[in-house]
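Let's look through this one together, with a visitor asking and a guide answering.

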Amino acid sequence: MPAYIPGTAQEQREMLCGAGVQSVQALFDAIPPQARLKEPPDVGSPMTEMELDAALRALAGRNHPAASLSCFLGAGVYDHYIPAAVGALVSRQEFSTAYTPYQPEISQGTLTAIFEFQTMIASLTGLDIANASMYDCATAAAEAARMAAGDTRRKSILVSRAVHPEVRAVLKTYARFSGVEMVETDFGADGRSAAGFLAKLGADIAAVIVQNPNFFGVVEDMGTCAGAAHEAGALAIAVCDPLSLSLLKPPGQCGFDIAVGECQPLGLPMSFGGPYAGYMAAREKLLRRMPGRIVGQTQDAQGRRAFVLTMQTREQHIRREKATSNICSNQALCALSATVYMSLMGAAGMREAASLCVRDSAYLHNKLITSGKFEPVFNAPYFREFAVRLKKGDSHAFVDKMRAHGILAGYPLETDYPELSSALLIAVTEKRTREELDEYVKRAVEAV
């Protein structure tokens, strides 16, 4: 194999001339001085392969995966049970090495799996169509906002502060560069959003965005939110946890036009934050405004069932100015994990998993409140996670104390909501045993 030969000095000068700069260093002038390294990083002396392996193992050992602790963290990422068959099937070579399907008929196996994913998501959400997955929930929500603005020809999006803070941050970024204004509304004393929407809905609103269950785990009044949006001529966008839809009324039946969410609860491990897959479903009238791609069913020349990329309204396939989005790929492998999970669990299995979350979160919530050390932040129905306030002490210090006992106690809400000081968001999945719940209460009482 020939050795890699870098550009010659003459070639470098020609490239710099073409870029309009005098030196390689000038290429970095756009980076603020305070963000640049003043000297090369100290990476230590050279190591042998065995020494490097040992050093990396020691570094990795400083991490504490959720599986090694009793995990009550939630806030958008959850420690759910994943059947072993999910990993076994998804890691098969024909799936794990396949690239995103660009050509319409390149891989019937991949297209079939995506078609099943779309069918299951449409069924869960109660909507007509679903696409071949999105990057994640946040970008799916932002794309839904753009769809609504294009459909209604309005420029303002009404978003509840009870929507996940990271989703709202991405919405703000999209709004900044797309000419869409994002207007936030506050949640009520019960943690719900309907009152805020009713107060700010106007003729300039393209859509309202509400999350159910919301960031605090509270179950929203979805029918009221959708009805208010439609009365004002706006679309209704729901951000929904897919596992919750096995118990809760789907957004399509509540009157919502678009539903988006994160597929992580469907067979995807926490993995220190990703990768995951977002989903998007909508009413059929919005088909041509959906980003990404949609797999459709057809017949081949012999009359056999076949699948094809039916809709690809993205800038790599049509004129840039006609593209619905610059989303140019989909999370096919992660979406496959979700598809395998839903197939293995079935509707009954998913309902059972969701029901266990509801039962066990209620058990822990009641135990903490009756201990006298905590009080509820919101008095409203919740799914899988809930917010409680420490009657004494700091939530960050409490989390540190609990971690010392091998318990990831929850998420301090004042990180994103300064008004909720000493409040903690606690998630309980079907993996948590009764012994773990009782141990949590015991250690929590000692820590407060």
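**Cores, cysteines and a patch**

Visitor: At 11% relative accessibility, does cysteine 334 count as buried or exposed?

Guide: First, a caveat: this is a predicted model, where local features need pLDDT of at least 70, side-chain atom pairs count only at pLDDT 80 or more, and totals for chains, interfaces and linings use all residues. Residues are numbered from 1 along each chain as its sequence is written, and side-chain values use heavy atoms, with hydrogens and water left out. Buried means under 20% relative accessible area, exposed over 50%, partly exposed in between (1.4 Å probe, protein chains only). So, at 11%, cysteine 334 is buried.

Visitor: How many disulfides does the rule count?

Guide: A disulfide here is a pair of cysteine sulfur atoms within 2.5 Å. Cysteine 334 has its closest cysteine sulfur in cysteine 263, 8.8 Å away, so that is too far for a bond. For cysteine 357 the closest is in cysteine 71, at 12 Å, again too far. The count is zero.

Visitor: Which element gives the most to the largest nonpolar core?

Guide: A nonpolar core is a set of buried Ala, Val, Leu, Ile, Met, Phe, Trp, Tyr and Cys residues joined through side-chain atoms within 4.5 Å. The largest has 48 residues, and Phe256 and Tyr279 are among those with the most contacts inside it. Helices (H or I, at least four residues) and strands (E, at least two) are DSSP runs, numbered from the N terminus. With 11 residues, the top contributor to this core is α10.

Visitor: How many residues are in the second, separate core?

Guide: This one includes Ile129, Cys137, Val180 and Ile237. Its size is 35 residues.
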